[in-house]
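Please study the sequence and the three-dimensional structure shown here before reading on. The paragraphs that follow lead through selected features in turn.

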Amino acid sequence: MDVTPPRKLSELFLGFLAIGARSFGGVMPWAHRTMVEERRWLTQADFAETIGLCQFLPGPNIGNASIVLGKRWFGVAGSIVAFLGLMALPFIWVLALFIFYSDFSSIAAVRSVVIGVGAAGAGLFMGTAIKLGRPLAKKPAALVLIAACFLCVAIARISLLIVVPVGLAVAVLAARRKWL
């Protein structure tokens, strides 16, 4: 796949604005679609690696990705432009929806819509997780690491403050031995 990063700050801003504008219920599916499938700014592997880094950093994954990618392509100005593009419309919409919801939250139909949007967001997140996980399915060591992290966090209830650094150390060792 040919990759063509954005050529101008305006293109970067509009790309992240499009991601933010369509990100009801979860931003990851729209970020993937925009950056990998539509605009072809990144390969599937580069997207997965960037998101992996941004998940390790504190803060929202795609917010971090906008800063990292903006910096990669245009320096500090790109970081600022990409982040503002990503957050501009959601900021306005959240304020507007809060005003609406605070007035109408007692109506059962409104509460049902909110629950439905949450379920749709969960489905979008799961679909994106499957897309991101496909390249890893060919690497047994990666599957073992994923399963171990899941079991530690979801079943054993071990803190992410412990699981993330240990998982990172194991991943680095596995990568050095060419298992990943």
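Immediately after helix 6, R157 adopts a positive phi of about 60°. This model is predicted, and the angle deserves attention for a general reason. Most residues other than glycine have a negative phi. R157 is not a glycine, yet its phi is positive. R157 is located in the loop between helix 6 and helix 7. Because its relative accessibility is 68%, and values over 50% count as exposed, R157 is classed as exposed.

A second residue invites the same question: where is R40 found? R40 belongs to the loop between helix 2 and helix 3. The phi of R40 is near 55°, again a positive value in a residue other than glycine. With a relative accessibility of 40%, R40 counts as partly exposed.

Helix 6 itself may now be considered. Helix 6 runs through residues 140–155. Its 16 residues should span 22 Å at 1.5 Å a residue, and the C-alpha atoms at its ends are 21 Å apart, so the expected and the computed values agree.

The cysteines come next. How many disulfides does a search of the whole structure find? The search finds 0 disulfides. C149 takes part in no disulfide, and the nearest cysteine sulfur, that of C152, is 6.5 Å away. The reason no bond is assigned between C152 and C149 is this distance: a disulfide requires sulfur atoms within 2.5 Å, and 6.5 Å is therefore too far for a bond. As for accessibility, C149 counts as partly exposed because its value is 26%, and C152 counts as partly exposed because its value is 28%.

Attention now turns to the aromatic rings. The structure holds 3 aromatic pairs. One of them joins F16 and W41, whose ring centres are 6.0 Å apart and whose planes meet at 40°, a tilted arrangement. This pair links distant parts of the chain, since F16 lies in helix 1 (residues 9–21), while W41 lies in the loop between helix 2 (28–38) and helix 3 (44–56), 25 residues away. Are these two residues buried or exposed? Both F16 and W41 are buried. Another of the aromatic pairs consists of F100 and F104, which is likewise tilted, with 4.8 Å from centre to centre and 35° between the planes. F100 and F104 both lie in helix 4 (residues 61–104), 4 residues apart, or about one turn of the helix. F100 counts as partly exposed because its relative accessibility is 41%, and F104 counts as partly exposed because its relative accessibility is 36%. Beyond the pairs, F16, W41 and W73 form one aromatic cluster.

The final topic is empty space. Rolling a probe the size of a water molecule over the atoms shows where such space is left. The largest pocket has a volume of about 1,600 Å³. Among the 36 residues that line the largest pocket, A48, G52, Q55, L136 and I146 are the closest to its centre. Which elements give two or more residues to the lining? These elements are helix 3, helix 5 (108–133), helix 6 (140–155) and helix 7 (160–176). By residue type, the lining of the largest pocket divides into 28 nonpolar, 6 polar and 2 charged residues. Helix 6, with which this account began, is thus also one of the elements that contribute to the pocket lining.

Terms used: Residues are numbered from 1 along each chain as its sequence is written. This is a predicted model: local features need pLDDT of at least 70, side-chain atom pairs count only at pLDDT 80 or more; totals for chains, interfaces and linings use all residues. Side-chain values use heavy atoms; hydrogens and water are left out. Rings of Phe, Tyr and Trp (its six-membered ring) pair if their centres lie within 6.5 Å; planes under 30 degrees apart count as stacked, over 60 as edge-to-face and the rest as tilted. Buried means under 20% relative accessible area, exposed over 50%, partly exposed in between (1.4 Å probe, protein chains only). On a 1 Å grid over the protein atoms alone, a cavity is a set of points where a 1.4 Å probe fits but cannot get out, and a pocket is an open set with protein on both sides within 12 Å along at least five of seven lines; lining residues have an atom within 4 Å of a point. Grid points are joined across faces, edges and corners, and a volume is the space filled by probe spheres set on the points. Ala, Val, Leu, Ile, Met, Phe, Trp, Tyr, Cys and Pro count as nonpolar, Asp, Glu, Lys and Arg as charged, and the others, Gly among them, as polar. The expected span of a helix is 1.5 Å times one less than its number of residues.
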